[in-house]
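The following exercises ask the reader to work through a protein structure. Each task is followed by a stepwise solution.

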Amino acid sequence: MSNDEFRAALSRLAAGVVLVTAQEPPLGEDGRGEDAGMTATAFMSVSLDPPLVLVSLRNDSRMDDLLAEQPLWAVSVLAQDQRHIAGRFAMKGRISDRLLFEELPCIRGGITGAPLLEGALATLECRTEQRVPAGDHTLVIGRVLTASLPSGDGEPLTYFKGRYRQLG
C-alpha cells in the first residue's frame, strides 16, 4: 500500500474541524507569551470519567514542540461559517501566529490563557495528561478542565475528501 492509497482511503472518513491553541510561556516575568494555533481534524473524545480528549500532532510541528513544554491548551470546535479560520491556521508556509490571530474575535481561557474563538460551537480548556508517540505524529491526551457552548446555534465545519464541507 502506498501513502497515496492510504491517504485516499482515509479521506473518505468525515471529521470535525477544531482550532487548537496555546500560549507560549512568557520569556520575562512581566510579559505574556505569544499565542499559537493550528487547525486539526484528528481530534476526538476519549473518556467521560475523567473527561479526556485526544489530538494528533505532526512530530516537530510548532504545536507539538509547544505542547511538549506547555501543558495547558485549548480547543475551539469550528462552525461551518468559520471555514476561513480553519484555512488560515492550516496553511503551509504560513505567516506568523501573531498575525494569524489579528482581528480574530477571541476571549482568553480563564485557566489556560489560550485564545478561545467567539462563535465556536464549543470550547474546551485542557491540561496534557499523556503524550504517546505514534509514527510521524504524537497523540496528546488532555484532561478537559472547562467546557462551554459559546454559540448554541450553528452547524459544524467538517472535512471530507480533502476539503472543508457543510452538512446537508
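The exercises below treat a pocket, two selected residues, the nonpolar cores and some backbone features.

The model is predicted, with local features requiring pLDDT of at least 70 and side-chain atom pairs pLDDT 80 or more, while totals for chains, interfaces and linings use all residues. Residues are numbered from 1 along each chain as its sequence is written, and side-chain values use heavy atoms, with hydrogens and water left out.

**Exercise 1.** Describe the largest pocket by its volume and lining.

Solution.
- Step 1: A pocket is an open set of points on a 1 Å grid over the protein atoms alone, where a 1.4 Å probe fits, with protein on both sides within 12 Å along at least five of seven lines; lining residues have an atom within 4 Å of a point.
- Step 2: The largest pocket holds about 1,500 Å³ of space, a volume being the space filled by probe spheres set on the points, which are joined across faces, edges and corners.
- Step 3: Its lining has 33 residues, of which Thr-41, Ala-42, Ser-56, Arg-58 and His-137 are the closest to the centre.
- Step 4: Elements giving two or more residues to this lining include α1 (3-10), β3 (35-40), α3 (83-90) and β11 (157-160). Helices (H or I, at least four residues) and strands (E, at least two) are DSSP runs, numbered from the N terminus.
- Step 5: The lining divides into 16 nonpolar, 10 polar and seven charged residues. Here Ala, Val, Leu, Ile, Met, Phe, Trp, Tyr, Cys and Pro count as nonpolar, Asp, Glu, Lys and Arg as charged, and the others, Gly among them, as polar.

**Exercise 2.** Determine whether Asp-64 is buried or exposed, and identify the partners of its side chain.

Solution.
- Step 1: Asp-64 is found in helix α2.
- Step 2: With a relative accessible area of 6%, Asp-64 is buried; buried means under 20%, exposed over 50% and partly exposed in between (1.4 Å probe, protein chains only).
- Step 3: The side chain of Asp-64 makes a polar contact with that of Arg-131 at 2.6 Å, and also reaches the backbone nitrogen of Asp-60 at 3.0 Å. A polar contact is a pair of N or O atoms within 3.5 Å; within protein, one must be able to donate a hydrogen and the other to accept it, and residues adjacent in sequence count only if both atoms are side-chain atoms.

**Exercise 3.** Which residues are named in the nonpolar cores?

Solution.
- Step 1: A nonpolar core is a set of buried Ala, Val, Leu, Ile, Met, Phe, Trp, Tyr and Cys residues joined through side-chain atoms within 4.5 Å.
- Step 2: The largest such core has 18 residues, and Val-20, Val-55, Leu-57, Met-63 and Trp-73 have the most contacts inside it.
- Step 3: A second, separate core of 13 residues includes Phe-89, Phe-101, Leu-157 and Tyr-164.
- Step 4: Leu-157 lies in strand β11 and is buried, at 0% relative accessible area.

**Exercise 4.** Locate the cis peptide bond and the positive phi angles of Asp-60 and Glu-103.

Solution.
- Step 1: The cis bond joins Asp-49 and Pro-50, with omega about 5°; Pro-50 lies in the loop between β4 (43-47) and β5.
- Step 2: Asp-60, not a glycine, has a positive phi of about 65°. This residue sits in the loop between β5 and α2 and is exposed at 65% relative accessibility.
- Step 3: Glu-103, also not a glycine, has a positive phi of about 65°. Glu-103 belongs to the loop between α4 (97-101) and β7 (106-108) and is exposed, with a relative accessible area of 80%.
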